[in-house]
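Please look over the sequence and the structure shown below before reading on. The report after them takes up a few places one at a time.

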Amino acid sequence: MADREASSGRWPAGARAAISFTIDNLGEAADINRNLWPESEPIGRHYSVLQALPAMLDLLKKYQIVATFFIESWNINVYGDFILDKIAAAGHEIAWHGWQHEAWARLNDKEERTNFERSFGPEGIGKWIESGKCDPYCGFRPPSGIVNGERTLKMCREFGLRYLSPAGEQAATLKVGNQGDTLTILPFKWATVDAYFYMESFEDLRKMKGEYSSSPQSAEVLVQRYCNEIDKTIESGGFLSLLFHPFLTDSPERLEAMESVLKYMTMKREIGDIWLARCKDVDAFIRKQPSIVGSDPQLDMASWR
């Protein structure tokens, strides 16, 4: 795999690396799933959607970057107009992040299938597809980054998904089943997840990785690491996913950090080093040029909870 990704210039327009800017998690979904949302609090007015996300979308527009939004299907019934009018209408990809941000590796067979069916059916994105409001999901990022082996891979293909974005080291193509079917793996690294730097609950993962102290890290540290990872990906000729959460981009300092990363990516795009693309576009390119990646994504089974 390393040899295959070492050469440069194989991505579109001769770019040396492919980068996807991604945004995960919307509104109250995760808190409701974990029984952390107060019953007395109304839903549909979460600050991450009403305040943080509009500012993030403005920055993406400013730097002419289209992103992939991994959104829980539960949000379709709560923030549907926002998703369609503000995110999808701007050219961003809407991808799947579970029904309500479930800890995916903890789901049993029945729970996992029920989650797929609910999310893809008339209670989820199915009603939008039926009415022609949006395209079907192309990809899935499992909350917490870990899937249930071959079982999850087969369900992804059964429900029409083309790529999967778990925690891992490098893009790859995996065979699914015995009929020559494949699933593209477009992983994320914890080193380019904002929660890894900002959240106290990631203390154990930071200790496990041994890269930082157990305490939350500053926005400045995040920017430096993200830019370093971009440079490393350019050198390797591979793929990198950068990940931000609206609920964590909740201060001027953190919004400025996101903008610093966007500026750096834009500069690298302008000199031809990187191809900035939505995950579904990266998947489409890999399917046309499968030799650009190998067959081992080096999945990361470390968990923060």
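What follows describes a pair of helices, a serine within another helix, and some residues with positive phi.

The model is predicted, and local features need pLDDT of at least 70, side-chain atom pairs count only at pLDDT 80 or more, while totals for chains, interfaces and linings use all residues. Residues are numbered from 1 along each chain as its sequence is written, and side-chain values use heavy atoms, with hydrogens and water left out.

**Helix H10 and its surroundings**

Helices (DSSP runs of H or I with at least four residues) and strands (DSSP runs of E with at least two) are numbered from the N terminus. Helix H10 covers residues 219-236, and its 18 residues reach 26 Å from the first C-alpha to the last, close to the 26 Å expected at 1.5 Å a residue, where the expected span is 1.5 Å times one less than the number of residues. Buried means under 20% relative accessible area, exposed over 50%, and partly exposed in between, with a 1.4 Å probe and protein chains only. Among the buried residues of H10 are Leu 222, Arg 225, Tyr 226 and Glu 229. What covers the buried residues of H10 includes strand E1 (17-24), helix H8 (194-198) and helix H11 (252-270).

Two packed helices are described by the angle between their axes and the distance between the axes. The axes of H10 and H11 come within 9 Å and cross at roughly 20°, the axes being lines fitted to C-alpha atoms over the stretch in contact, with angles running from 0 to 180 degrees between N-to-C directions. That makes H10 roughly parallel to H11, a description used for angles under 35 degrees. Contact means heavy atoms within 4.5 Å, and the residues of H10 that meet H11 include Val 223 and Ile 230, while those of H11 include Ala 257 and Tyr 264.

**Ser 119 in helix H5**

Ser 119 lies in helix H5 (residues 109-120) and is buried, with a relative accessible area of 0%. A polar atom of its side chain lies 2.9 Å from the backbone oxygen of Asn 115. Leaving aside neighbours within four places in sequence, Ser 119 is in contact with residues including Trp 96, Trp 99 and Tyr 137.

**Residues with positive phi**

Most residues other than glycine have a negative phi. H10 is followed by Gly 237, whose phi is positive, near 80°, and two residues that are not glycines are set out here.

| Residue | Phi | Loop between | Relative accessible area |
|---|---|---|---|
| Asn 35 | about 60° | helix H2 (29-33) and helix H3 (47-62) | 70%, exposed |
| Ser 144 | about 75° | strand E4 (139-140) and helix H7 (149-158) | 16%, buried |

Technical notes
Polar contact = N/O pair within 3.5 Å; in protein donor to acceptor, adjacent residues only side chain to side chain. Parallel < 35°, antiparallel > 145°, perpendicular 65-115°, else oblique.
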